[in-house]
Amino acid sequence: MTARILGIESSCDETAAAVVADGTTILSSVVASQVEIHRKYGGVVPELASREHLRQIVPVVREALSQAGVALKDVDAIGVTQGPGLVGALLVGLTYGKVLALALEKPLIAVNHLEGHVHAVLLEARAAGRAPKLPAMCLIVSGGHTLLYRVAAKNSATGNGALQLSYSRVGGTRDDAAGEAYDKVAKMLALGYPGGPVLDKLAMHGNPQAVRFSEPKMDGNPYDFSFSGIKTAVLYYLRKRPELQQEIDARQQALAHGERNAEALRALSSEVTLDLVASFQHAVVEGLIRRTLAAAEQFGAASVLVSGGVAANRELRARFDEEASKRGLEVFFPSRALSTDNAAMIAAAAYPKLVAGERADASLNAMPNFPLG
Ligand code: KG4
Ligand code: ZN
């Protein structure tokens, strides 16, 4: 029998709902992004996020059910994000999911948002008939997270959505997340918010070897990341080149007039800026790949999964494929739609829990620092 799970996600700045059958087939996936609201602040403002989730949650869930052609009474379970995330934002989706589950007498399943990101990759790979070999090394790389997990199978029901997984944390960022570094560098250069997509496009037009950024020097875990050093290095680089201020001001003006187009912003950027962007991206991408592949080797991973907003980066995808194939490893990325926060990944992650009989009750509460594994 098919299990149709309604997934609800509201941990950061996306209100999302989706219906997924058996953890594999997406019947609908609706995402209401708040990016326009947070743009003028250059980052997510928690109070505004909660307020917007409140406005969006009911229509978004309704739209997901309608697109799936599934009535609320025919949903088999409700999966909600419990954390990590912004507490006020999490509470909106979690409370709504809890009330729906209680009122409809449906099973309620609590999902860790990070586990959702792992399932975003697994879900699509499975749907395409190519389930990744386990154990896998999973890099979750977004505006809020840069984490490495070893993902292993707990049971042998391979190839289906009910596979029970275990997670062990291998490393993570000690300061900023990679996406956060993209956003901060884009802010310094007046290239808009979020920074990743524009820097990604501009980087293709610069020389990635022009500026040498040194590798962060860290004691302890070799699989940890750090991005505050490179952010500061970009800041110092700009301070030493006051002649760049004029073009920064020009781009600031363009942004103030609503310009978002990467080509238009590129036309306002000198070669020096394009080289800086290309070099920044190169350093970030190579650092992510080097550590992930070293961890994959150390922990005996049979494949690599990459998920989160930064997984949309073109250089990251191309270079990962190149480097992993040299080592005989296959790398799996989600589509662009499932790279960023969505609820299909939450419904997919809820499915093996439903099968295993895991249930949350009315005491379920948000966990802003919910660890995985
Ligand atoms: O997963 P996500 O939508 O939200 C969370 O942070 O949870 O990720 C958004 C982040 C932003 O920091 C954005 O700049 C970055 O992902 N991003 C990218 C690209 N697209 C989005 N970073 C690099 N290259 C991209 N193409
Ligand atoms: Zn996320």
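User: Where is histidine 117 found, going by helices?

Analyst: In this predicted model, histidine 117 is found in helix α4. Histidine 113 lies in that helix too, which covers residues 113-127, and the two are four residues apart, about one turn of the helix.

User: Why is histidine 117 called buried?

Analyst: Its relative accessible area is 1%. Buried means under 20%, so histidine 117 makes the cut. Histidine 113 is buried as well.

User: What is histidine 117 in contact with, leaving aside its neighbours within four places in sequence?

Analyst: That would be Ile140, Ser307, Gly308, Ser339, Asp341 and Met345.

User: What makes His113, His117 and Asp341 donors of the zinc ion (ligand 2)?

Analyst: His113 (NE2), His117 (NE2) and Asp341 (OD) coordinate the zinc ion at 2.1 Å. A donor is an N, O or S atom within 2.8 Å of a metal like this one, so they qualify. Along the chain, the donors follow the spacing H-x3-H-x223-D.

User: Why are α5 and α10 called roughly antiparallel?

Analyst: The axes of α5 (residues 178-188) and α10 (residues 271-298) cross at roughly 175° and come within 11 Å. Angles over 145 degrees count as roughly antiparallel, and therefore this pair gets that label.

User: Which residues make that contact?

Analyst: From α5, take Ala178, Ala181, Tyr182 and Val185; α10 brings Phe280, Gln281, Val284, Val285 and Leu288.

User: How many of the residues of the contact of α5 with α10 are nonpolar, polar or charged?

Analyst: Eight are nonpolar, one is polar and none is charged. Tyr counts as nonpolar here.

Technical notes. Residues are numbered from 1 along each chain as its sequence is written. Chains are lettered from A and ligands numbered from 1 in the order in which they are written. This is a predicted model: local features need pLDDT of at least 70, side-chain atom pairs count only at pLDDT 80 or more; totals for chains, interfaces and linings use all residues. Side-chain values use heavy atoms; hydrogens and water are left out. Donors are N, O and S atoms within 2.8 Å of the metal (3.2 Å for Na, K and Ca); water is not among the atoms, so sites may look incomplete. Buried means under 20% relative accessible area, exposed over 50%, partly exposed in between (1.4 Å probe, protein chains only). Axes are lines fitted to C-alpha atoms, for helices over the stretch in contact, and angles run from 0 to 180 degrees between N-to-C directions. Angles under 35 degrees count as roughly parallel, over 145 as roughly antiparallel, 65 to 115 as roughly perpendicular and the rest as oblique. Contact means heavy atoms within 4.5 Å.
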